[in-house]
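Dear colleague,

I am passing on the structure below, and I would be glad if you could look it over alongside the notes that follow.

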Amino acid sequence: MTELWERALAALQQRLGAEGMRHSLGVAGTAARLAEVYGVDVESARLAGLLHDWSKDASASELFAAADAHGIAVTDVDRAVPYLLHAPVAAAELRTAMPDLDDAVLAAVAAHTYGAESMSSLDLIVYVADTIEPGRVHAGVETLRDAVGTVSLDELFMLAYASSLRHLVDSRRRIHPATVTLWNRLVSEGSR
Ligand SMILES: [Fe+2]
Ligand SMILES: [Fe+2]
């Protein structure tokens with residue numbers, strides 16, 4: 001592992017508890033494997049996977065304060081479900097905490113809750129890895145795991161995103177406007 005990885009790991013251990021660390025290492029390993037399968041930079045994927053939940057344990061008031069400080073848009077859905085902000089807040093805070101991280105790694109961290117308007121392969125990989133890391137047990141997770149390497153990365157992400165959306169609908173939760181925008185874009189691209 002690289003020196004940057006060692007430093008990131010040590011810093012994260014100061015922030016997350018045992019379950020958070022287990023999940024983060026699970027996402028790191030899964031992201032690295034997906035990167036190998038889909039021809040994306042493995043070390044960037046591993047690092048983005050490790051750090052994606054950097055701000056997961058922040059309280060709602062800390063997330064709102066950080067969003068305000070970093071100019072992150074806060075919608076009604078973020079106000080109702082503040083934890084969604086932990087992704088963009090993590091990216092903003094990591095920029096200061098670990099200045100030698102690539103923009104690509106930060107973008108993947110930022111996009112892991114509701115996606116982004118345009119998503120790189122690294123963004124897609126971190127999102128999917130978060131959904132299918134070995135500790136995840138949600139309905140449909142095995143189907144997603146089995147699809148790795150048998151479908152394109154875009155299709156794999158589409159399957160994972162559809163599964164998250166289905167879960168939001170089934171459990172009658174709010175859907176973030178950015179999620180709706182991204183879903184509509186994916187559908188229109190797929191039907192071109
Ligand atoms: Fe997260
Ligand atoms: Fe996560």
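**Helix α10 and a helix pair**

In α10, the residues L156, F157, A160, Y161 and S164 are buried (20 or more other C-beta atoms within 10 Å of a residue's own, against 12 or fewer for exposed, with C-beta atoms placed from the backbone). Because these residues cover an arc of only 130 degrees around the axis, they lie on the same side of α10, the arc being that of the directions from the helix axis to the C-beta atoms. On the other side of α10, E155, R166, V169 and D170 are exposed.

Please bear in mind that this is a predicted model, in which local features need pLDDT of at least 70 and side-chain atom pairs count only at pLDDT 80 or more, while totals for chains, interfaces and linings use all residues. Residues are numbered from 1 along each chain as its sequence is written, and chains are lettered from A and ligands numbered from 1 in the order in which they are written.

The buried residues of α10 pack against α8 (121-132), α9 (141-147) and α11 (177-190), where contact requires C-beta atoms, placed from the backbone, within 7 Å. After α10 comes R172, whose phi is positive, near 55 degrees.

Elsewhere, the axes of α1 (residues 3-13) and α3 (residues 42-51) come within 10 Å and cross at roughly 5 degrees, which means that α1 is roughly parallel to α3 (an angle under 35 degrees). On the α1 side the contact is made by L4, W5, A8, L9 and L12, and on the α3 side by R46, L47, L50 and L51.

With best wishes

Note on methods:
Axes are lines fitted to C-alpha atoms, for helices over the stretch in contact, and angles run from 0 to 180 degrees between N-to-C directions. Helices (H or I, at least four residues) and strands (E, at least two) are DSSP runs, numbered from the N terminus. Angles under 35 degrees count as roughly parallel, over 145 as roughly antiparallel, 65 to 115 as roughly perpendicular and the rest as oblique. Two residues are in contact if their C-beta atoms, placed from the backbone, lie within 7 Å.
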